[in-house]
Amino acid sequence: MASMKMSMRSAKVGSARPSCPVHGLVVPKPVARSGAWTAPRQNVAGPVNAEAATAVHTPHSREDQLCLNARHDQVMAHFPTALGVDDFMARVEVALSGFGFTGDNTIAMTNLCRDEVTTVLKDKIEAVFGSSFNTNGLGGVLTCGVTGMGAGFSHSPISNGKEHYVFFAFPHIGINSAGEVGAITRPGRPNKSCACGALQKCLIELKAEGYSKNCKVPGVHDPLDPEYSILKQRLARRVRFEGMDPTKMSLVDITHVAERTITNDLEYLIEKSVNAQKANYAVITGVQIHNWCSELSATSGVPSLEFVAPARMFVVVDGKKTFIDLSRVPTMSPRQLQLMAKASISGQKEIETAAIGKTTAGTLKEIPLKYLTQRLGVTKDPEELSVIPATALSWTANITTDAPIREENAPNMADNDYTSFQLFAENNPNQQAVLEATPAAVTALLAEIQNLSSRVQSLEKKK
């Protein structure tokens with residue numbers, strides 16, 4: 001039985017952290033399709049594994065929160081392919097090196113949510129591939145288009161006459177150490193918040209409004225809320241495509257939908273923008289999961305963990321696509337993982353003891369509290385925040401100034417184009433002849449878009 005026990009071994013000798021036995025839970029196996037490691041598709045009638053989801057949502061005991069196996073099982077109940085973030089990156093690096101992708105010849109293209117907590121994964125990626133070109137959007141939605149993609153390609157190293165790119169695309173979700181789905185405690189904030197907040201908002205509104213109202217014509221979005229409105233439109237169209245009932249969906253479900261949507265959008269953009277004659281590339285998608293301590297403090301003793309649930313991974317080398325199954329890549333030993341992880345914490349010296357050990361599905365290592373607080377913008381430990389002055393220091397008066405008044409006639413994002421053209425013409429009489437025809441063209445285009453929207457709604461009613 002000794003071999004069946006997993007010890008939360010510390011990076012330093014003499015750690016007081018307890019050990020615990022492997023819980024006798026069945027670890028779901030990843031679903032393999034055509035050699036790719038893909039997340040299980042959702043049951044269109046409702047959430048996946050609803051019974052397990054209910055059980056895991058119940059806050060776990062402190063003993064379970066201290067047990068790496070229990071924490072891994074907790075996350076895999078919702079995301080069966082989940083790996084610790086360091087284990088995931090180690091396997092990715094090993095797998096890609098076999099196809100000629102290294103940190104020296106490859107640029108990473110990262111597409112994560114704008115939330116600062118996704119920095120943990122970004123740092124791990126950049127520890128391997130150097131500074132990445134990011135195309136981040138709310139909820140991980142892709143809005144950069146082919147021009148944005150092309151900008152990143154033009155920064156790639158050239159090796160053996162070819163550029164090399166590796167695409168990482170992940171929406172994210174919080175599942176804290178107590179097993180609460182969507183919950184995350186952020187450094188410097190006393191109460192829990194939500195991750196992903198944008199996906200949670202989409203879920204609430206889709207439940208209330210249904211998907212038909214939100215399936216807009218591509219290119220139509222809210223000018224005051226462009227990214228979010230595009231995200232919700234993309235998810236609504238995918239939910240309709242999959243025949244899911246929004247009223248029965250959970251945050252886990254909408255996160256899975258977001259992953260499939262973003263993966264599909266990324267591959268479509270790659271088809272439109274990558275020249276396989278001049279470049280080799282890799283694609284890795286999935287879900288980032290924050291399994292942080294429900295009480296971020298130095299005294300809690302509960303480790304914060306970070307997971308990635310791979311959904312799809314493939315490489316295209318000399319025009320040939322090859323799918324990769326990360327479950328077939330051996331996991332590192334705790335000692336190896338410890339050495340590798342030290343290179344990915346943004347120069348922070350790991351002076352804390354850290355939980356690290358083997359689980360039934362891989363190797364896990366704690367994300368140090370000091371790294372989380374300092375990397376996410378809180379320069380002091382949470383216990384020390386109270387000493388920060390509540391009012392501005394006197395010297396700040398020397399660097400303040402009156403802000404210039406915004407130009408009242410400058411066009412806003414939500415302004416009617418015709419008004420903007422009129423103002424421009426009044427201020428530029430010599431351009432009047434050119435501009436006279438412009439409002440009519442804009443009006444005609446808007447009318448065409450409205451007509452298309454009406455036709456789509458009509459088709460929806462007929463269904």
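## Reading a predicted model, starting from Ser132

Author: Let's begin with Ser132, which sits in the loop between H5 and strand E8 (133–134). Keep in mind as we go that this is a predicted model.

Reader: Happy to start there. Is Ser132 buried or exposed?

Author: To read burial, look at the relative accessible area; buried means under 20%. Ser132 has a relative accessible area of 17%, so Ser132 is buried.

Reader: And which residues does Ser132 touch?

Author: It helps to set aside the residues up to four places away in sequence; Ser132 then touches Ala108, Thr110, Lys122 and Glu126. With two of these, the Ser132 side chain makes polar contacts: one with the side chain of Thr110 at 3.2 Å, and one with the side chain of Glu126 at 2.8 Å.

Reader: Glu126 carries a carboxylate. With which residue does Glu126 form a salt bridge?

Author: For a salt bridge, look for the closest N and O atoms of the two side chains. Glu126 pairs with Lys122, and those atoms are 2.9 Å apart.

Reader: How many residues apart are Glu126 and Lys122 in helix H5?

Author: Four, and because both belong to helix H5 (residues 119–129), that spacing puts about one helical turn between Glu126 and Lys122.

Reader: How many salt bridges does a search of the whole structure find?

Author: It finds 16. A good second example is Glu180 with Lys192, whose closest N and O atoms are 2.8 Å apart. That pair links distant parts of the chain, 12 residues apart: Glu180 is in the loop between strand E11 (172–174) and strand E12 (183–185), and Lys192 is in strand E13 (residues 192–194). Glu180 is buried, at 18% relative accessible area, while Lys192 is partly exposed at 47%.

Reader: Which helices hold Lys232 and Glu209?

Author: First the contact itself: Lys232 and Glu209 form a salt bridge with closest N and O atoms 3.5 Å apart. Lys232 belongs to helix H8 (residues 226–242) and Glu209 to helix H7 (residues 197–209), so this salt bridge ties together parts that are 23 residues apart in sequence. Lys232 counts as buried, with 11% relative accessibility, and Glu209 counts as partly exposed, with 32%. Salt bridges can also share partners, and in that way Asp115, Glu116 and Arg186 are joined into one network.

Reader: Now the nonpolar side chains. What do they tend to do in soluble globular proteins?

Author: They tend to be buried together. In this model, the largest nonpolar core has 53 residues, and Phe79, Tyr165, Phe167, Tyr281 and Ile289 have the most contacts inside it. Helix H9 (residues 251–273) gives the most to this core, with nine residues.

Reader: Let me zoom in on Tyr281. Which residues is Tyr281 in contact with?

Author: Leaving aside neighbours within four places in sequence, the contacts of Tyr281 are Phe101, Tyr165, Phe167, Ile270, Val274, Phe314, Val315 and Val316. There is also a second, separate core of 38 residues, with Phe129, Cys293, Leu326 and Ile367 among them.

Reader: Finally, strand pairing. In which sense do strands E15 and E16 pair?

Author: To read a pairing, follow the direction of each strand and count the bridges. E15 (residues 305–317) and E16 (residues 320–323) are antiparallel, with four bridges. One of the residues to find is Val317, whose bridge partner in E16 is Lys320.

Reader: What do E15 and E16 form, and what is the phi of Asp318?

Author: The two strands form a hairpin with two residues between them, and in that turn Asp318 has a positive phi of about 55°.

Technical notes
Residues numbered from 1 in each chain as written. Predicted model: local features only at pLDDT ≥ 70, side-chain atom pairs only at ≥ 80, totals over all residues. Heavy atoms only, no water. Pairing = 2+ DSSP bridges. Core = buried A, V, L, I, M, F, W, Y, C linked by side-chain atoms within 4.5 Å. Buried < 20%, exposed > 50% of the residue type's maximum accessible area, 1.4 Å probe, protein only. Contact = heavy atoms within 4.5 Å. Salt bridge = Lys/Arg side-chain N within 4 Å of Asp/Glu carboxyl O. Polar contact = N/O pair within 3.5 Å; in protein donor to acceptor, adjacent residues only side chain to side chain.
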